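Here are some remarks for a colleague who wants to look at the internal space, the ring contacts and one strand pairing. They are set out as numbered points and can be read alongside the coordinates.

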Amino acid sequence: MVKLMATYTVRPAKETPRGYRCLSDSDQVRALTHAPIIYFYPPVNVSLESATEILRHSLSEALVIFYPLAGRLHWIGGGRLVLECNALGALLIAVESDAKIDDFGDFGPTQEIRALIPSVDYDKPIHELPLLLVQVTKFSCGGMSLGLGISHTITDGLSALHFISEWAKIARGEQPNSPPFLDRSVLLAPEHSSAPVFDHPEYSTQPLLIGKQDNMEERKRETATLMLKLSKDQVEKLKDKANKDRSASNNKRPYTRYEAVAGHIWRTTCKARQHESQQTTTLSIIVDARNRMEPPLPPRYFGNATFRVTAESTSGELVSKPLGYASGKARQAIEKATHEYLQSSLVYVKCQEDVTQSRNFHTVGCAKGAFYGNPNLEITSWARLPIYGADFGWGQEIYMGPGAIGYDGKVFVFPGKGLDGSFLVALRLQVRHIDAFQKFFNEDICSQEPLSINPSL
């Protein structure tokens, strides 16, 4: 049983700048939804009432510094938005639950986990929706969870974690010392640019299954989430396998752990989906532009500074060639993200009359916006993000991860707790592919042979 104990609208503790602020061209192609993040804390001698008061007062102080999160979005035409800084505040909910932390198993992003994060009614006018929603839940075992929904339009992962880190400092009674850089105009397309100088397949309709005219059937298929762990030894094994074939691909620099894991996930997905060998498939990778721009973005830039890049191959090539081939394709996509390419991407967005189709709605079964599911894949890496250490005064979390995964083919890769070199892999796939994916994912780490694919399927 779950019992709602309190609901608060938390506004900034002091007067903050008011008025409309432009969003960057990078912000304009983000999902309209909120990124769900979940933290679990072990049993502690802190009541729900005390925890809620600590969170409420510290959040009020944090919103003075990160005041855009207390604002609201408004439509301005062409599928674009503007931010109104109006101090209307964030939502904070306190809940008691009969559940125990152990009931949540490996903390995979299930419906039960999603229920620990405030839900949002996206049928409401967008200017009525808070940009930040928080739920603190006290379990019968004495443990707690903190579930956050943070607007995709306002922040990327690193910005969200920056905010959470500073908020936690305030909650612990410390002084925040890393103010955000809030001027988003640094990621507006240059005024003198009238057309992109590169092709940008990441904004195009992704490949369809052979013989299909659209992706509607794939969008509607039943999906489920899966959480897998790669030990440090398994990650190193994949890295070694990927690098065995590196000399043939003219890559002088060894593949990274992430490139090896990304290639492994892409190959495994193609095999589990039983694609025809000629099936075209893309891998979308999210890259951070902060240090790729020239000059680099100002430290602690607060906004969306990540960009999507895509690798393309056929399923037959991916699964019949060694792992190094898939990892090489992933690297080629990542290395495309130069300053010039990223600037061209901003110009591409600026030149679109309507950006609606570029938005991904991150909602299971949603028929709107871009689709990156079967036969394609999208990987977001938190491998280098400071995802751990959100201590609000009752100790560090025992787990942090995505609270939901919105669609088929979406994958998160993030470091295991303790930073022991392990990776956690959370993904959503069609139910009919889950068992095969899990089987091949584990088997092929040990296998030295290229995978096989059935060309008749």
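1. The model is a predicted one, and a reasonable place to begin is its aromatic content, since the structure holds 18 aromatic pairs. One of these joins Phe392 and Trp394, whose ring centres lie 6.1 Å apart with the planes at 25°, so the pair counts as stacked, the limit for that class being an angle under 30 degrees. Both residues of this pair, Phe392 and Trp394, are buried.

2. The stacked pair should be viewed together with its surroundings, because Phe392 and Trp394 belong to a cluster linked by ring pairs. The other members of the cluster are Tyr39, Tyr41, Phe66, Phe163, Trp167 and Phe302, and it may help to display the rings together when inspecting the model.

3. Two contacts between a charge and a ring deserve a separate look. In one of them, the charged end of Arg257 is placed over the ring of Phe423, at 4.7 Å from the ring centre. In the other, Lys410 lies over the face of Phe412, and the distance to the ring centre is 5.1 Å.

4. On internal space, the structure contains two cavities of 30 Å³ or more. The largest cavity holds about 50 Å³, and its lining consists of Leu32, His34, Leu73, Ile126, Leu129, Leu131, Ser151 and Thr153. Sorted by class, five of these lining residues are nonpolar and three are polar, while none is charged.

5. The second largest cavity encloses about 30 Å³ of space. Its lining draws on Gln206, Pro207, Leu208 and Asn215, together with Phe371, Gly373, Asn374, Pro375 and Asn376. By class, this lining has four nonpolar and five polar residues, and here too no charged residue takes part.

6. How many residues of strand β11 are buried? The strand, which spans residues 306-314, is mostly covered, with seven of its nine residues buried. Strand β10, made up of residues 280-288, pairs with β11 in the antiparallel sense, and the pairing runs over nine bridges. Within this arrangement, Thr281 has Ser313 of β11 as its bridge partner, which gives a convenient reference for checking the register by eye.

7. When the side chains of such a pairing are examined, one general point is worth keeping in mind: in a regular strand, side chains alternate between the two faces of the sheet. For β11 in particular, that pattern can be set beside the burial of seven of the nine residues.

Terms used. Residues numbered from 1 in each chain as written. Predicted model: local features only at pLDDT ≥ 70, side-chain atom pairs only at ≥ 80, totals over all residues. Heavy atoms only, no water. 1 Å grid on protein atoms, 1.4 Å probe; cavity = no way out; pocket = protein on both sides within 12 Å on 5 of 7 lines; lining within 4 Å. Points joined across faces, edges and corners; volume = space filled by probe spheres on them. Nonpolar A, V, L, I, M, F, W, Y, C, P; charged D, E, K, R; others polar. Phe/Tyr/Trp six-rings, centres within 6.5 Å; stacked < 30°, edge-to-face > 60°. Buried < 20%, exposed > 50% of the residue type's maximum accessible area, 1.4 Å probe, protein only. Lys NZ or Arg CZ within 6 Å of the ring centre and 35° of its normal. Helix = DSSP H or I, 4+ residues; strand = E, 2+ residues; numbered from the N terminus. Pairing = 2+ DSSP bridges.
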